[in-house]
Amino acid sequence: MTSCDVAVIGGGINGVGVAQAAAAAGYSVKLFERRGLASGTSSRSSKLIHGGLRYLESAQFSMVRESLHERRLLLKLAPDLVHLRRFFIPVYPATRRRPWQLRVGLSLYALLAGLHKETRFKRVPKKDWDSLDGLNTHDLQTVIRYFDAQTDDAALTRAVMRSAQELGAELFVPSEVFRIERHERGCTLHVQRDGAAHSIDARVVVNAAGPWVSEVASRFDPVIELPAMELVQGTHVLLPGRMEQGVYYVESPRDGRAVFVMPNREGVLVGTTERRFRADPDHPQASTAEKHYLFSVLRCYFPRFRALNYDDIIATTAGLRVLPAGSGHAFHRSREVMVPVDQPRRPTVVSICGGKVTTYRVTAGKVMARIAPSLPGRTARANTACLPLRGD
Ligand SMILES: Cc1cc2nc3c(=O)[nH]c(=O)nc-3n(C[C@H](O)[C@H](O)[C@H](O)COP(=O)(O)OP(=O)(O)OC[C@H]3O[C@@H](n4cnc5c(N)ncnc54)[C@H](O)[C@@H]3O)c2cc1C
């Protein structure tokens, strides 16, 4: 039987973020991942390191501000993993978000980001519209350009884990946590690894299992109660072609939702959709209706893709968001992460529900603040805000 201060279940961006923060704070850390690092949602995101312009519409100002702060930091810490990109918003007569609304939104976005050089936005002169990757210029009224950032979500996850390991954290993969006993001193985890069962004592357990957070909560004895949540599937399609100028932020003509058309190493990535998911989180799958939805957006804004059909799709990815349960459309639901604990004063279990790739350090900070009273004093080894992250 081995032991540690902090055991993390799940090697997605949130799990590795906690492993890095806990190791930096001087704690002994073990992270268990049952498949592979970033094998869950953290390789199926839109790969944007952004505040999320659209979240201003649902007044999630503090989340947007935090995210923009993290964007600036990650551009500095991970220059070969996080890249500043031009984003273009085309406006047509039927576009719901009018130019004045976009200007107000982008001014607020710039203000929340702290008015740095990457917060500048401007109208693209009409003479330059032809250079915009074949954007439909019929009835085009204006195009606004601003900046946000793109990453490789899986590579970023691996980089943060490497940083955690350099600070002493241990990674066990593939290792599935199948049962966790809670007791006065903390928890005992039972882990399946190399065909054998192993037991590990931990003062604190962090359930960072993403879409499996509820399933892992039910593996605790006694079980952990979590707030009501639901899973929402988001699909992307990867198509052949190139987007040379940047990312296009367009509105679905069907329901006005924001959809991104993005350059990607292997082609053009289009996404995302949002639909309630009630099946097994091991098997999210892009539906024909979702592909149809994304194709209709792409064809509307980029006529050169009208000749493509489903056979041309290079890859589809379907990822699952963990959102607070609610009756409204997922699009307007809070993206704030929740970090519920088993007991408020000296927690032994913290769960991570939701969050963003962009804010993994903020999430880790919230987790550390919750678990600090349950851990002994240790000497900090580093500050994650100053640790460079390197690509593979
Ligand atoms: C479609 C979509 C687009 C998104 N786009 C963006 C974006 O552009 N920018 C952004 O900032 N955020 C975005 N997000 C949000 C972001 O992707 C997620 O919040 C984030 O990836 C969640 O990471 P996680 O570590 O919590 O979960 P995951 O990455 O799913 O990791 C959980 C891990 O736990 C492991 N696990 C589960 N059970 C066990 C067990 N019993 N034992 C051991 N391991 C276990 C799994 O194998 C998995 O690897 C998007 C989300 C979706 C769905």
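This report walks through a buried tyrosine, a covered strand and the ligand site of a predicted model.

## Tyr146 and its neighbours

Let's start with Tyr146, which you'll find in strand β6, spanning residues 142–151. Its relative accessible area is just 3%, and since buried means under 20%, Tyr146 counts as buried.

What does Tyr146 touch, leaving out residues up to four places away in sequence? The contacts are Leu53, Arg85, Arg86, Phe87, Ile89, Leu106, Tyr109, Arg120, Phe121 and Tyr249. Ser175, on the other hand, is 29 residues from Tyr146 in sequence, and the two C-alpha atoms sit 43 Å apart in space.

## Strand β13

One of those contacts, Tyr249, takes us to strand β13. Is β13 covered on one face or on both? Both faces are covered: Val247, Tyr249 and Glu251 are buried on one side, while Tyr248 and Val250 are buried on the other. Because five of the five residues in β13 (residues 247–251) are buried, the strand is largely enclosed by the rest of the structure.

Now for the strands it pairs with. Strand β4 (residues 82–91) runs parallel to β13, and two bridges join them. Here Phe87, another contact of Tyr146, stands opposite Val247. Strand β14 (residues 258–264) runs antiparallel to β13, with four bridges between them. In that pairing, Val250 of β13 faces Val259 of β14. The β13–β14 hairpin has six residues between its strands, and Gly256 takes a positive phi near 75 degrees there.

## Around the ligand

Over to the ligand, which has 39 residues around it; Glu33, Ser42, Leu48, Gly355 and Thr358 come nearest. Sorted by class, this shell holds twelve nonpolar, 19 polar and eight charged residues.

A few polar atoms are worth picking out on your screen. For Ser42, a polar side-chain atom lies 2.5 Å from a ligand oxygen. For Thr41, a backbone N or O atom is 2.9 Å from an oxygen atom of the ligand. For Ile13, a polar backbone atom is 3.3 Å from a ligand oxygen. How much of the ligand does the protein bury? Taken alone, the ligand exposes 1000 Å², and the protein buries 97% of that.

Which elements give two or more residues to the shell? They are α1 (13–24), β8 (176–183), β12 (229–239) and β17 (315–324). The most comes from β17, which gives three residues.

How values were computed
Residues numbered from 1 in each chain as written. Predicted model: local features only at pLDDT ≥ 70, side-chain atom pairs only at ≥ 80, totals over all residues. Heavy atoms only, no water. Buried < 20%, exposed > 50% of the residue type's maximum accessible area, 1.4 Å probe, protein only. Contact = heavy atoms within 4.5 Å. Pairing = 2+ DSSP bridges. Near = heavy atom within 4 Å. Polar contact = N/O pair within 3.5 Å; in protein donor to acceptor, adjacent residues only side chain to side chain. Areas by Shrake-Rupley, 256 points an atom, 1.4 Å probe, with all protein chains shown as cover. Nonpolar A, V, L, I, M, F, W, Y, C, P; charged D, E, K, R; others polar.
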